[in-house]
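Q: Could you take me on a close look at one part of this protein, beginning with a single aromatic residue and working outward from there? I would like to see how its strand, the neighbouring strands and the charged pairs around them fit together, and then how other parts look by comparison.

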Amino acid sequence: MNSEISKKASIAADSFSHSLITFFNHVLNSRSLITFLAVLTFSGCASRWAVDSDMAQKHLYWMEGPRSAKVMHVMSIKGFYETNVTLKSFLFGKGTSGLVRPAAVAAGRDGRFAIADTGLRCVHLYIPAEQRYVKLSSFASVELLSPVNVIFDDDLRLYISDSALGRIFVVDKQCGYLFSVSASADGPLKRPTGLAWDSDSKLLYAADTLAHKIYAFNPKGEMVWSIGGRGEKEGQFNFPTHLFWSPARLLYVTDAMNFRVQVFDSAGKVVTAFGHNGDGSGDFASPKGVAVDKKGIIYVVDALFDNIQLFDERGDFLLTLGKRGGGQGEFWLPAGLYLDEKEKLYVSDTFNQRVQVFQIMNGQ
C-alpha cells in the first residue's frame with residue numbers, strides 16, 4: 001500500500017517537474033516574450049503620464065457685456081494617471097494620483113504646472129511636453145507638512161511655501177532640490193503663504209501671514225526689502241495671504257482680515273486699495289486668490305461666497321463667476337488662483353478636489 005502511494009507521488013512529481021521545465025523552455029525560446037520583458041526593463045524609468053480631467057461637454061460663458069464673452073470654462077483637473085506600460089506598472093499596476101485638497105496652482109512658461117495639495121502634503125508637478133508627472137513631498141529628508149502656495153520663475157525653478165514649516169523650498173527645472181528660505185532680516189519666517197515672481201526685477205515676493213508682512217527675496221534667497229506690519233492703514237496688513245504680479249508690473253495682495261486687496265508698485269509703494277466686508281456683490285467675506293489679466297480686470301476668489309468676483313482697474317465690481325456646487329463653473333471653498341501668459345485662469349476648487357481651468361476671451 002505504501003509503495004503504491006510512493007509510486008503515485010513520484011509520478012506526480014515527475015509530471016510537475018516536466019511541466020515546469022516545459023514552461024521555462026517555452027519562456028526562454030519565446031522571442032516575443034523576451035522582447036516584451038526587455039522593453040519593460042529598459043522603459044522602466046520612462047513612465048509617461050496624462051492629466052485626469054473632465055473636459056467641458058458644453059462651454060459655459062460669463063459675460064462682461066451683452067456682446068462680449070469674457071470667461072469660458074475649459075476643463076477640470078482631477079489628478080494624473082500613467083499611460084504606458086513599464087516594468088513597475090506591469091508588476092504592480094499603472095500609477096494614479098488624485099487631488100485631495102488643492103490649495104494653490106501655478107504655471108510655467110513651457111506649459112508645466114504645479115498644484116499645492118495640503119491634503120496629501122505634496123506638490124503635484126506635471127510637464128506636458130515630457131508627459132512627466134512628479135509628486136514632490138520631501139526635500140533633504142524634510143517632509144512637507146502644509147504646502148500652501150507655488151510659483152515658477154523665468155528659469156522654471158519652482159518655489160513652494162510651507163506654512164507649517166515656516167520655509168520656502170526651491171527646486172530646479174529638473175525637480176532637484178536647491179535650497180530653502182526660512183528667515184528674513186526680521187528673523188525666522190512665521191507662516192509663509194502667498195508667492196509671486198517679478199520677472200523684471202527678478203524678485204520673489206512672499207507673504208508672511210502671521211508677521212503681517214510682504215518680503216522681497218532675490219534669487220539667492222536674500223531679503224531685499226519688506227513692507228507692512230499689522231494694522232488697517234494704507235500699506236499695513238491684517239493676515240495677508242495671496243499675491244499676484246500683474247502684467248502692468250503691480251503687486252496685488254489679498255489683505256484677508258482687512259477684507260480688501262492692496263496694490264503696490266515694484267518699490268513697495270501703495271498704488272490703490274479696494275474692498276470691504278459684507279455679503280453683497282463686490283463685498284468680501286473670505287478673500288483668497290487674486291489675479292489680473294492683460295486688460296486690467298481683477299479676479300478675486302471668495303471662499304465663503306464660493307465664487308470669483310471680477311473688478312475693473314479702479315476696484316469697481318463688474319460681475320460674479322460661479323456659485324456653490326459641484327458642476328462645471330461651480331465651487332466649494334475655492335482658494336488659490338493663477339492666470340498664465342496665455343490668459344488661462346486656474347482655480348483651486350479645494351473641497352471639490354479639483355482645479356478648474358477657464359480661458360479669458362478678451363472679446364474674441
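A: Happy to. Let's begin with F113, which sits in strand β6. Please keep in mind that this is a predicted model. F113 has a relative accessibility of 6%, so it counts as buried. Along the chain, F113 and Y126 are 13 residues apart, yet 5.6 Å separates their C-alpha atoms.

Now step back to the sheet. β6 belongs to an open sheet of four strands, ordered β5-β6-β7-β8, with antiparallel pairing. The edges are taken by β5 (102–107) and β8 (132–136); each has a single partner strand, so one side of each has no neighbour in the sheet. On average, neighbouring strands here are turned by 15° against each other, direction ignored.

Strand β7 covers residues 122–127 and pairs with β8 in the antiparallel sense over five bridges. In this pairing, Y126 stands opposite Y133 of β8. It helps to recall that in a regular strand the side chains alternate between the two faces of the sheet.

C122 deserves a word too, as a cysteine with 0% relative accessibility, and therefore counted as buried. C175 is also buried, at a relative accessible area of 15%. A disulfide would be a covalent bond between the sulfur atoms of two cysteines. Searching the whole structure turns up zero disulfides.

Next come the charges. Side chains of opposite charge can pair when their charged atoms come close. Across the whole structure, 15 salt bridges are found. One of them joins E341 and R109, with their closest N and O atoms 3.1 Å apart. R109 lies in the loop between β5 and β6 (113–117), while E341 lies in the loop between β29 (337–339) and β30, so this pair ties together parts that are 232 residues apart in sequence. Both E341 and R109 are exposed.

Another salt bridge links the side chains of D349 and R354, at 2.7 Å from N to O. D349 has a relative accessible area of 0%, so it is buried. R354 is counted as buried as well, because its relative accessibility is 9%. Going back to R109 and E341, salt bridges with shared partners join these two with D154 and K202 into one network.

The loop between β30 (344–349) and β31 (354–360) also holds F351. At 31% relative accessibility, F351 counts as partly exposed. Together with L304, W332 and L333, F351 makes a nonpolar surface patch of about 340 Å².

For a second sheet to set beside the one we began with, look at β21-β22-β23-β24. These four strands, in that order, form an open sheet with antiparallel pairing. Its edges are β21 (240–245) and β24 (270–274), each with a single partner strand, so one side of each is left without a neighbour in the sheet. Here the average turn between neighbouring strands is 20°, direction ignored.

Inside this sheet, strand β22 (residues 251–255) pairs with strand β23 (residues 260–264) in the antiparallel sense, over five bridges. T254 in this pairing stands opposite V261 of β23. A salt bridge is found here as well: the side chains of R260 and D255 meet at 2.7 Å, N to O. Both R260 and D255 are buried.

Last, follow the chain on to strand β25 (residues 287–292). Five of its six residues are buried, so β25 is largely enclosed by the rest of the structure. β25 pairs with strand β26 (residues 298–302) in the antiparallel sense over four bridges. One residue to find in this pairing is V290, whose bridge partner in β26 is V300. The two strands form a hairpin with five residues between them, and in the turn G296 has a positive phi of about 90°.

To return to where we started, F113 is a buried residue of strand β6, and the loop between β5 and β6 holds R109, one half of the pair with E341.

Conventions
Residues numbered from 1 in each chain as written. Predicted model: local features only at pLDDT ≥ 70, side-chain atom pairs only at ≥ 80, totals over all residues. Heavy atoms only, no water. Buried < 20%, exposed > 50% of the residue type's maximum accessible area, 1.4 Å probe, protein only. Pairing = 2+ DSSP bridges. Patch = residues over 30% accessible without salt bridge, like charges linked within 9 Å, V, L, I, M, F, W, Y side chains within 5 Å. Areas by Shrake-Rupley, 256 points an atom, 1.4 Å probe, with all protein chains shown as cover. Salt bridge = Lys/Arg side-chain N within 4 Å of Asp/Glu carboxyl O. Axes fitted to C-alpha atoms, helices over the stretch in contact; angles between N-to-C directions. Disulfide = S-S within 2.5 Å.
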